[in-house]
Amino acid sequence: MGNCCRVFCIAMLTCAVALAGAMAGGCASSESSREDTETPGTKQSHKSGKVGAPMPSILVKHFEGGGKIDLGSLKGKVVLVDIWASWCAPCMEEMPLLDDMAARLKKKGVQIIAVSVDEDKESAQAFLSSRPSWALTVAHDPKGKLPEVLQPSKMPSSYVVDAEGIIRYVNEGFERGDLKVIEKRLVALAAEAS
């Protein structure tokens, strides 16, 4: 019960921050993600979930068909890990756009994993049914282990992970202009890895 309350508190705090950001003109990205489009931000520490740190080994469930994904064992691939929820309006706007990006970048060796932190799978499923299929990999983390470890300050939050498993960029919040920068970073990292 204590873990459930902690996850609920994290979710409520994240929602409140996202709502406050949305009321102030939308959920803006953090300054560190806007610094330089070619190099990782330098203001962030090397703690878990920060630029320069390895992606933590956290197990999330494939949304459909079961199975698990260990986010810390994706070395060899360039990956975007996105944390989203069905109650987050900016997340709902971002997801179809990330899916389009996933379709474009799949042949370049980039994988996009969208991790729902909805406690009940049905809420996420209701949103996911808005498309007949998704090019990105959809995963589920109903206990909120991923945001508990990564500590995003806004929803959604995206983590660009290089082929060595190192977090290279963090994009907190969502603005449409973020997508071009994220895609450019993913393509550059994929080119480095090949």
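Lys121 is partly exposed in this structure, with a relative accessible area of 34%, and the model in which this value was computed is a predicted one. Along the chain, Lys121 belongs to helix H4, which covers residues 121–128. On the surface, Lys121 joins Lys61, Lys68, Lys143 and Lys145 in forming a positive patch. Membership of such a patch requires over 30% relative accessible area, and Lys121 has 34%.

**The overall layout**

The protein contains six helices and seven strands. When these elements are read along the sequence, they follow the pattern α-α-β-β-β-α-β-α-β-α-β-β-α. The protein has 194 residues, of which 47% count as buried.

**The disulfide**

How many disulfides does the structure hold? The count comes to one disulfide, and this link is formed by Cys88 and Cys91, whose sulfur atoms are 2.4 Å apart. The pair qualifies because a disulfide is taken to be two cysteine sulfur atoms within 2.5 Å. The link between Cys88 and Cys91 is right-handed, with 80° about the S-S bond. Are the two cysteines buried or exposed? Cys88 counts as buried, at 2% relative accessibility, and Cys91 likewise counts as buried, at 0%; the term applies because buried means under 20% relative accessible area.

**The salt bridges**

A search of the whole structure finds six salt bridges, and the table below gives three pairs, including the N to O distance for each.

| Positive residue | Negative residue | N to O distance |
|---|---|---|
| Arg176 | Glu93 | 3.0 Å |
| Arg104 | Glu183 | 2.6 Å |
| Arg168 | Asp162 | 3.4 Å |

In the pair of Arg176 and Glu93, the two side chains meet in a salt bridge. Arg176 lies in helix H6, residues 176–193, and Glu93 lies in helix H3, residues 89–105, so the pair ties together parts that are 83 residues apart in sequence. Of these two partners, Arg176 counts as exposed, at 52% relative accessibility, whereas Glu93 counts as partly exposed, at 36%.

The side chains of Arg104 and Glu183 also meet in a salt bridge. Here Arg104 lies in helix H3 and Glu183 in helix H6, so this pair ties together parts that are 79 residues apart in sequence. Arg104 is partly exposed, with a relative accessible area of 41%.

Which class of accessibility is shared by Arg168 and Asp162? Both Arg168 and Asp162 are buried, and the closest N and O atoms of their salt bridge are 3.4 Å apart. Asp99, Asp100 and Arg131, for their part, are linked in a network of salt bridges.

**A glycine in a loop**

Gly67 is found in the loop between strand E1, residues 59–62, and strand E2, residues 68–70. With a relative accessible area of 47%, Gly67 is partly exposed. How far apart are Gly67 and Ala139, in sequence and in space? Along the sequence Gly67 and Ala139 are 72 residues apart, while in space they are 9.7 Å apart, from C-alpha to C-alpha.

Key. Residues numbered from 1 in each chain as written. Predicted model: local features only at pLDDT ≥ 70, side-chain atom pairs only at ≥ 80, totals over all residues. Heavy atoms only, no water. Patch = residues over 30% accessible without salt bridge, like charges linked within 9 Å, V, L, I, M, F, W, Y side chains within 5 Å. Areas by Shrake-Rupley, 256 points an atom, 1.4 Å probe, with all protein chains shown as cover. Salt bridge = Lys/Arg side-chain N within 4 Å of Asp/Glu carboxyl O. Lys, Arg positive; Asp, Glu negative; His and termini not counted. Charge placed at Lys NZ, Arg CZ, Asp CG, Glu CD. Helix = DSSP H or I, 4+ residues; strand = E, 2+ residues; numbered from the N terminus. Buried < 20%, exposed > 50% of the residue type's maximum accessible area, 1.4 Å probe, protein only.
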